[in-house]
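User: Hey, I've got a structure open and I'd like to talk through its charged pairs and one of its helices. Can you help me read it?
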Amino acid sequence: MNIETALKEAMTIEGAIGVALVDYTSGLTLGVLGGGPTMDMNIAAAGNTDVIRAKVRTLGMLGLQDGIEDILITLDSQYHLIRLLQNKRNGESFFLYLSLRKDRANLGLARHQLRRIEAELDV
C-alpha cells in the first residue's frame, strides 16, 4: 500500500478528522488528508513530532528497551492517536497521526485498523 492509499484508508475509520504520515527524525510530513479550519494537520503533525522525540529520548534515559507501539492523547472532544512505524529497510522512523471525533470513534477498532494499515504500508 502506498502513502496516498494508506491515508485514504485511515480516513475511512469511523470518526476520522484527519491523518498524517510523518518522518519524526527529520520532521518531514510525507502526506496529509483531512483536517479543516480548526484542525491544521501540518501543525498538528509538527507538534506531535516533538511529542515522539521527547518520549523516545525519555525511554533512552530510563534505559528501557521497549518500543513505543502508540501514544493516545485524549482531549475533551477528540482522540489523537499516534502510531509509530519502523521502516525496516533503512531504519528511518515514521508515525501515523490520526485525529478522531471522540463522540463517533471506537478507539479499540481505530487502533486495530491503524495496525492493519501499518502492516500493508510501504514507505
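User: Which residue does glutamate 4 form a salt bridge with?
Analyst: Lysine 8. Keep in mind that this is a predicted model. The closest N and O atoms of the pair are 3.0 Å apart.

User: Where do those two lie?
Analyst: Both are in helix α1, which covers residues 3–10. They're four residues apart, about one turn of the helix.

User: And is lysine 8 buried, exposed or something in between?
Analyst: Lysine 8 counts as partly exposed, because its relative accessibility is 46%, and buried would mean under 20%.

User: How many salt bridges are there in the whole structure?
Analyst: A search of the whole structure turns up 11. One of them joins glutamate 69 and arginine 115, with 3.5 Å between the closest N and O atoms.

User: What does that pair tie together?
Analyst: Glutamate 69 sits in the loop between α2 and β3, while arginine 115 belongs to helix α3 (residues 107–120), so the pair ties together parts that are 46 residues apart in sequence. Glutamate 69 is partly exposed at 38% relative accessibility, and arginine 115 is partly exposed too, at 32%.

User: Which network of salt bridges is there?
Analyst: Glu69, Asp70, Arg83, Arg111, Arg115 and Glu118 are linked in one.

User: What about aspartate 103, which side chain does it meet?
Analyst: Its partner is arginine 101, in a salt bridge with an N to O distance of 2.9 Å. Aspartate 103 is exposed, with a relative accessible area of 60%, whereas arginine 101 is partly exposed at 35%.

User: OK, switching to α2. How many residues has it got, and how far does it reach?
Analyst: α2 has 22 residues and spans 31 Å from its first C-alpha to its last, close to the 32 Å expected.

User: Which of its residues are buried?
Analyst: Met41, Ala44, Ala45, Asn48, Thr49, Ile52 and Leu59. These residues cover an arc of only 150° around the axis, which means they're on the same side of α2.

User: What covers them?
Analyst: The cover includes the strands β1, β2, β3, β4 and β5.

User: And what's on the face turned away from the buried side?
Analyst: That face of α2 carries the exposed residues Ile43, Arg57 and Met61.

User: Last one: what happens at the start of α2, and what follows it?
Analyst: At the start, a side-chain oxygen of aspartate 40 comes to within 2.9 Å of the backbone nitrogen of asparagine 42. After α2 comes glycine 63, with a positive phi near 75°.

Notes: Residues numbered from 1 in each chain as written. Predicted model: local features only at pLDDT ≥ 70, side-chain atom pairs only at ≥ 80, totals over all residues. Heavy atoms only, no water. Salt bridge = Lys/Arg side-chain N within 4 Å of Asp/Glu carboxyl O. Buried < 20%, exposed > 50% of the residue type's maximum accessible area, 1.4 Å probe, protein only. Expected span 1.5 Å × (residues − 1). Arc of directions from axis to C-beta. Contact = heavy atoms within 4.5 Å. Polar contact = N/O pair within 3.5 Å; in protein donor to acceptor, adjacent residues only side chain to side chain.
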